[in-house]
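User: I would like to learn how to read a helix and a sheet in a model. Please take one feature at a time.

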Amino acid sequence: RQAIEMMVSTRNIALVTGAGRGLGRACALALSAAGAQVIAVARTDAELTTLAEQAHGKVQCWVGDVTTD
């Protein structure tokens with residue numbers, strides 16, 4: 001948590017891929033909670049919708065597959 005807060009204090013925009021679940025989702029939520037502007041990318045809209053709800057709308061959500069797009 002402390003490392004995330006230090007990173008956010010110097011850079012305030014984070015692009016998180018794989019944000020729909022698992023580690024990517026946890027990173028997106030932690031960065032958002034620490035004050036970063038988060039752009040979350042995942043393959044399905046449904047996963048991003050729940051992420052946006054959990055982050056109280058503080059996350060920009062983009063549907064995409066970084067392995068093909």
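User: Which exposed residues does the face of α3 turned away from its buried side carry?

Analyst: Exposed means over 50% relative accessible area, buried under 20%, and partly exposed in between (1.4 Å probe, protein chains only). Helices (H or I, at least four residues) and strands (E, at least two) are DSSP runs, numbered from the N terminus. Here that face of α3 carries Ala46 and Glu53. This is a predicted model, in which local features need pLDDT of at least 70 and side-chain atom pairs count only at pLDDT 80 or more, while totals for chains, interfaces and linings use all residues. Residues are numbered from 1 along each chain as its sequence is written, and side-chain values use heavy atoms, with hydrogens and water left out.

User: Which residues of α3 are buried, and what covers them?

Analyst: In α3 (residues 45-54), Glu47, Leu48, Leu51 and Ala52 are buried. Viewed down the axis of α3, they fall within an arc of 135°, so they line one face of the helix; the arc is that of the directions from the helix axis to the C-beta atoms. Contact means heavy atoms within 4.5 Å. The cover over these residues includes α2 (22-33), β2 (37-42) and β3 (59-63).

User: What is found just after α3?

Analyst: His56 lies in the loop between α3 and β3. Its phi is near 55°, a positive value in a residue other than glycine. With 68% relative accessibility, His56 counts as exposed.

User: In what order do the strands form the sheet?

Analyst: Two strands pair if DSSP finds at least two bridges between them. Here 3 strands make an open sheet in the order β1-β2-β3, with parallel pairing. β1 (13-17) and β3 are the edge strands, each pairing on one side only. Axes are lines fitted to C-alpha atoms, for helices over the stretch in contact, and angles run from 0 to 180 degrees between N-to-C directions. Direction ignored, neighbouring strands of this sheet are turned by 20° against each other on average. β1 and β2 pair over 5 bridges, and Ile13 has Gln37 in β2 as its bridge partner.

User: How do the helices lie on the sheet?

Analyst: α2 lies across β1, β2 and β3 and runs at about 165° to β1. α3 packs on the sheet too, touching β2 and β3, and its direction makes about 175° with that of β3.

User: Is Ser32 of α2 buried or exposed?

Analyst: Ser32, found in α2, is buried, with a relative accessible area of 7%. Leaving aside neighbours within four places in sequence, Ser32 is in contact with Val38, Ala55, Lys58 and Val59.
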